[in-house]
Amino acid sequence: NVESVLAINRRACNVQHPKLKEIIIEDFFRLDSIRDHLKGYNACFFCLGISSIGLKEDSYYRITYELTLNFASILATLNPDMCFCYVSGMGTDSTEKGRVMWARVKGKTENHLMSLPFRAAYMFRPGFIQPAKGLKNTYKIYKVIAPFIPLLKWLFPNSMLTLQEIGLAMINSVNTDYDKKVLEVKDIAVLACK
């Protein structure tokens, strides 16, 4: 059901497939050189982000809010029939007024994304994400936690998802009019099975 995929990265993903095109770009704030390549798509899975640990609010805001809205605004102009999926995070603050900096910024980002003229926009709020086997770009802490994942799933069933579940839910969101726009862990798990 997928005609083509365009991956926009800072580094090559080193995946070869006849349906995959890849554009390497240094600065996600400067999209003029690739603007024509962004036309004609009906979905965007926006998975770019950084941890707020050790960052001041202005730096985190620039990447999380400004960069995301810059990219999304261009896509909304070029592809109004697009379904935009944004990977946010469990605990995001939709009121934008809480004490936790990252949650406020993510909340503002989600709110503004949902106001853009996309056909649909879904805010994915995963908790702990279990990486797929063989995945190269994972935090080292995952290797330490890996033996305890079955216990963690049992203790916190509404806080954990696999990377595959998130991916399937995003794919399914393109062809399904899911009634919720902000998807918590339970919603993502349901949408992964549609």
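How many nonpolar, polar and charged residues does the lining of the largest cavity have, by class? Let's work up to that in two exercises. This is a predicted model, where local features need pLDDT of at least 70, side-chain atom pairs count only at pLDDT 80 or more, and totals for chains, interfaces and linings use all residues. Residues are numbered from 1 along each chain as its sequence is written, and side-chain values use heavy atoms, leaving out hydrogens and water.

**Exercise 1. Describe the lining of the largest cavity.**

Step 1: A cavity is a set of points on a 1 Å grid over the protein atoms alone where a 1.4 Å probe fits but cannot get out, and lining residues have an atom within 4 Å of a point.

Step 2: Look for L48, G49, I50, Y60, I63, T64, T68, Y86 and K106, which line the largest cavity.

Step 3: Sort them: Ala, Val, Leu, Ile, Met, Phe, Trp, Tyr, Cys and Pro count as nonpolar, Asp, Glu, Lys and Arg as charged, and the others, Gly among them, as polar. The lining has five nonpolar, three polar and one charged residues.

**Exercise 2. Find how helix 1 and helix 2 are arranged.**

Step 1: Helices are DSSP runs (H or I, at least four residues), numbered from the N terminus. Here, helix 1 covers residues 57–78 and helix 2 residues 101–115.

Step 2: The two pack at an angle of about 15° (angles run from 0 to 180 degrees between N-to-C directions), with their axes, lines fitted to C-alpha atoms over the stretch in contact, 10 Å apart.

Step 3: Helix 1 and helix 2 are therefore roughly parallel (an angle under 35 degrees).

Notes. Parallel < 35°, antiparallel > 145°, perpendicular 65-115°, else oblique. 1 Å grid on protein atoms, 1.4 Å probe; cavity = no way out; pocket = protein on both sides within 12 Å on 5 of 7 lines; lining within 4 Å.
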